[in-house]
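Visitor: I am a first-year student and should be grateful for a close look at a single part of this protein. Please explain each term as it arises.

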Amino acid sequence: MKYLCLVYSDEKLLHSLPDSPKDEECFAYAASVQNSGRMLAAEALQPIDTATTVRVRAGKTLLTDGPFAETKEQLAGFYLVEAKDLNEAIQLAAGIPAARVGSVEVRPIRQLEI
């Protein structure tokens, strides 16, 4: 089963806290998940000020600069992984270095019939 691990952090604090992960640690963790055969995709995102939110209301497209909600933590990146069940996906998410200073939301992927 596929799971999306959404990594959230306060980008102002992400690299300044004592427990903040360094890039080398993040790269090593991603490589270990890749080598295990469970990595389907992973990417870090550009800073939140590069985001654009798109909404369609009454047939009109509305654009807003920035994230869709005001929160202390922003979406920083993701891992798309293959795991046998939710418990294995949670174990993978717990290993993501940024989880020490932010949070990781684990969500199963819904297969669409196309």
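Guide: The account below sets out the whole, then turns to the largest pocket and the elements around it. The model is predicted, and local features need pLDDT of at least 70, side-chain atom pairs count only at pLDDT 80 or more, and totals for chains, interfaces and linings use all residues. Residues are numbered from 1 along each chain as its sequence is written, and side-chain values use heavy atoms, with hydrogens and water left out.

The protein has two helices and six strands (DSSP runs numbered from the N terminus: helices are H or I of at least four residues, strands E of at least two). Read from the N terminus, the order of elements is β-α-β-β-β-β-α-β. Along the principal axes, the C-alpha atoms occupy a box of roughly 45 × 45 × 20 Å. Of the 114 residues, 23% are buried (under 20% relative accessible area with a 1.4 Å probe and protein chains only; over 50% is exposed, and partly exposed lies in between).

The largest pocket has a volume of about 610 Å³. A pocket is an open set of points, on a 1 Å grid over the protein atoms alone, where a 1.4 Å probe fits, with protein on both sides within 12 Å along at least five of seven lines; points are joined across faces, edges and corners, and the volume is the space filled by probe spheres set on them. Its lining consists of 25 residues (each with an atom within 4 Å of a point), and Leu14, Cys26, Ala44, Leu45 and Ala76 lie nearest the centre. Two or more lining residues come from each of strand 1 (2-9), helix 1 (23-35), strand 2 (39-44) and strand 5 (74-82). Strand 5 contributes the most, with six residues. By type, the lining comprises 17 nonpolar, five polar and three charged residues (Ala, Val, Leu, Ile, Met, Phe, Trp, Tyr, Cys and Pro are nonpolar, Asp, Glu, Lys and Arg charged, and the others, Gly among them, polar).

The strands named above belong to a sheet. This open sheet has four strands in the order 2-5-1-6, with antiparallel pairing (two strands pair if DSSP finds at least two bridges between them). Strand 2 and strand 6 (103-108) are the edge strands, each pairing on one side only. On average, neighbouring strands are turned by 20° against each other, direction ignored. Strand 1 and strand 6 run antiparallel and are joined by six bridges; within strand 6, Ser103 stands opposite Tyr8. Helix 1 packs on the sheet, where it touches strand 2 and strand 5, and its direction makes about 25° with that of strand 5 (axes are lines fitted to C-alpha atoms, for helices over the stretch in contact, with angles from 0 to 180 degrees between N-to-C directions).

One residue of strand 1 deserves attention: Ser9. Ser9 is buried, with a relative accessible area of 2%. Leaving aside residues up to four places away in sequence, Ser9 touches Leu14, Lys72, Glu73, Gln74, Ala76 and Gly102 (contact means heavy atoms within 4.5 Å). Among these partners, Leu14 and Ala76 are also named among the residues nearest the centre of the largest pocket.
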